[in-house]
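Trainee: Could we go through this structure together, one question at a time?
Mentor: Gladly! Have a look at it first, and then ask away.

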Amino acid sequence: MIKLLYEKYKDIVPYIFFGVCTTLVNTLAYWVCAHILYFTVMVSAVIAWFLAVLFAYITNRRWVFHSEAVTKQEILTELASFYLCRLATGVVDWGCMFIFVDLFHANDVIVKVAANFLVIILNYIASKLIIFQKK
């Protein structure tokens with residue numbers, strides 16, 4: 001029974017670990033852009049998202065979902081699917097930043113972290129069901 005549970009959920013532990021790392025990349029990049037470089041909230045959020053997605057693709061492909069894509073076409077299709085799904089969840093992230101920071105003036109870093117937890121869940125579902133399907 002333990003082996004069955006392990007097989008069923010073996011990708012969740014590394015996904016959580018790399019999800020936390022991705023959140024750190026996203027939050028740190030946002031903070032640097034917004035608080036050191038003085039970019040606007042939305043510009044900072046987009047730059048942070050781009051860097052976090054790049055980090056997430058590399059880690060998810062290799063260590064979480066163990067991608068079976070090997071040909072150039074398979075990898076490009078996988079990469080395009082990854083970015084399109086992340087773009088959809090990026091809109092969720094940016095929407096949270098716009099609504100809670102720009103409109104309601106909440107703490108930008110706290111909102112950024114909270115939005116990323118929601119995004120992690122949505123990204124897992126998309127990665128498992130759409131992007132890294134086993135052949």
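**Two histidines, a patch and a buried threonine**

Mentor: Let's start with one residue of this predicted model. At 44% relative accessibility, histidine 66 falls between the cut-offs of 20% and 50%, so it counts as partly exposed.

Trainee: Where is histidine 66 found, and what is its phi near?
Mentor: Histidine 66 is found in the loop between helix 3 and helix 4 (72-103). Most residues other than glycine have a negative phi. Histidine 66 has a positive one, near 45°.

Trainee: Is histidine 105 buried or exposed?
Mentor: The place to look is the loop between helix 4 and helix 5 (108-131), where histidine 105 sits. Its phi is positive too, near 60°. The relative accessible area of histidine 105 is 66%, and a residue needs over 50%, so histidine 105 is exposed.

Trainee: How many helices and strands are there in the protein?
Mentor: Follow the chain from the N terminus, and the elements run α-α-α-α-α. That pattern goes with a count of 5 helices and 0 strands.

Trainee: Which element gives the largest share of the nonpolar patch?
Mentor: The patch covers about 790 Å² of surface, and its residues include Trp31, Phe39 and Phe50. Two elements give two or more residues to the patch: helix 2 (12-36) and helix 3 (41-64). The largest share, 4 residues, comes from helix 3.

Trainee: Leucine 37 is in that patch as well. Why does leucine 37 count as partly exposed?
Mentor: Leucine 37 lies in the loop between helix 2 and helix 3. Partly exposed means between 20% and 50% relative accessible area. Leucine 37 counts as partly exposed because its relative accessibility is 45%.

Trainee: Which residues does threonine 22 touch, leaving out those up to four places away in sequence?
Mentor: Threonine 22 belongs to helix 2. Its relative accessible area is 13%, under the 20% cut-off, so threonine 22 is buried. With residues up to four places away in sequence left out, threonine 22 touches Ala52, Phe55 and Ala56.

Trainee: What share of the contacts with a separation of 6 or more comes from residues 24 or more positions apart?
Mentor: Picture the whole protein, whose C-alpha trace spans about 50 × 35 × 20 Å along its principal axes. Of its 135 residues, 39% are buried. Among contacts with a separation of 6 or more, the share from residues 24 or more positions apart is 71%.

Note on methods. Residues are numbered from 1 along each chain as its sequence is written. This is a predicted model: local features need pLDDT of at least 70, side-chain atom pairs count only at pLDDT 80 or more; totals for chains, interfaces and linings use all residues. Side-chain values use heavy atoms; hydrogens and water are left out. Patches are made of residues with over 30% relative accessible area and no salt bridge: like charges are joined within 9 Å, nonpolar side chains (Val, Leu, Ile, Met, Phe, Trp, Tyr) within 5 Å. Accessible areas come from the Shrake-Rupley method with a 1.4 Å probe; for residues, only the protein chains shown count as cover. A salt bridge is a side-chain nitrogen of Lys or Arg within 4 Å of a carboxyl oxygen of Asp or Glu. Buried means under 20% relative accessible area, exposed over 50%, partly exposed in between (1.4 Å probe, protein chains only). Contact means heavy atoms within 4.5 Å.
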